[in-house]
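Me: Please examine the model shown below and answer a few questions on its helices, loops and ligand shell.

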Amino acid sequence: MTPALSSHEMRALLRSLYRDTNRPTRELVAWRHLICPYEPVTRWVPPAANVLDFGCGAGALLALLSEQHQIASGTGCDVSNDAIAAAKAAQCRLSHDVVDFRHISDFEDIPADKFDIVVMIDVLHHIPPTRQQEAIHAAARRVAPGGRLIYKDMTSHPFWRRWANTAHDLLLSRQVVHYVAPDRVVRWAHDDGMTLVHAEDYSRFVYGHQLRVFLR
Ligand SMILES: C[S@@+](CC[C@H](N)C(=O)[O-])C[C@H]1O[C@@H](n2cnc3c(N)ncnc32)[C@H](O)[C@@H]1O
């Protein structure tokens, strides 16, 4: 993201954009980049891209990209009413608004358009195992030719990172989550005509991240 924001600047910007949301939401959004940094993801988003955020949560990624004039358009979809309400509240505070946040009842309701970039961050482990391949398929088929699918999820190895994230999700989303080995995601994406162009594993504190970038 250019210009790169310091952690302090990022928190200040996010607190300002989310000032109309309740305090827990605002603070979670403001601090999330410390455990889940944006930069490993945004470095794969070319300037002026049309971006779909599949499972956008409160929409902070698209809000930041829009506010910093980094994208041509951003479409964020999520099944959570509360998350989309927060995203829309932040959207009202953008000084440069190219985003559209939509509540969906299922990922099949995501617009069928093609996007330069589809991001899917920490969503797959919230989807039941029987539908995870379908979710990757839904994301992959929305990537335009020459476009990218940017997939990131939480690692399940070693066990203590899995426990840390499982406890985090139980506490915050009250959900038991279902980790997927990244090799399976790579296979599924490959079956959908996507080529793996980047694989990166990294961690922040107790949290482990697995990033995979695919090209159509
Ligand atoms: C851990 S949050 C991540 C949110 C956002 N991507 C981020 O990184 O801040 C997981 C999100 O996935 C959403 N989600 C879960 N199941 C989904 C589904 N079937 N379709 C779309 N989104 C879903 C949840 O509502 C939640 O907002």
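**Helices, loops and ligand shell**

Reply: The crossing of α1 and α2 is right-handed, that is, the near helix is turned clockwise from the far one by less than a right angle. This is a predicted model, in which local features need pLDDT of at least 70, side-chain atom pairs count only at pLDDT 80 or more, and totals for chains, interfaces and linings use all residues. Residues are numbered from 1 along each chain as its sequence is written.

Me: How are α1 and α2 oriented to each other?
Reply: The axes of α1 (residues 7–17) and α2, lines fitted to C-alpha atoms over the stretch in contact, come within 9 Å and cross at roughly 155 degrees, on a scale from 0 to 180 degrees between N-to-C directions. Angles over 145 degrees count as roughly antiparallel. The two helices, α1 and α2, are therefore roughly antiparallel.

Me: On which residue is the kink in α2 centred?
Reply: Helix α2 covers residues 23–35 and reaches 19 Å from first to last C-alpha, close to the 18 Å expected, which is 1.5 Å times one less than its number of residues. The bend is the angle between axes fitted to the seven residues ending at a residue and the seven starting there. In α2 the kink is about 30 degrees, and its centre is V29.

Me: Which peptide bond is cis?
Reply: P158 lies in the loop between β5 (143–154) and α7 (159–172). With omega near -10 degrees, the cis bond runs from H157 to P158.

Me: How many nonpolar residues are in the shell around the ligand?
Reply: The ligand is surrounded by 14 residues (C-beta atom, placed from the backbone, within 6 Å), the closest being G55, G57, S80, F107 and I121. Ala, Val, Leu, Ile, Met, Phe, Trp, Tyr, Cys and Pro count as nonpolar, Asp, Glu, Lys and Arg as charged, and the others, Gly among them, as polar. Beside 4 polar and 3 charged residues, the nonpolar count is 7.

Methods: Helix = DSSP H or I, 4+ residues; strand = E, 2+ residues; numbered from the N terminus. Parallel < 35°, antiparallel > 145°, perpendicular 65-115°, else oblique.
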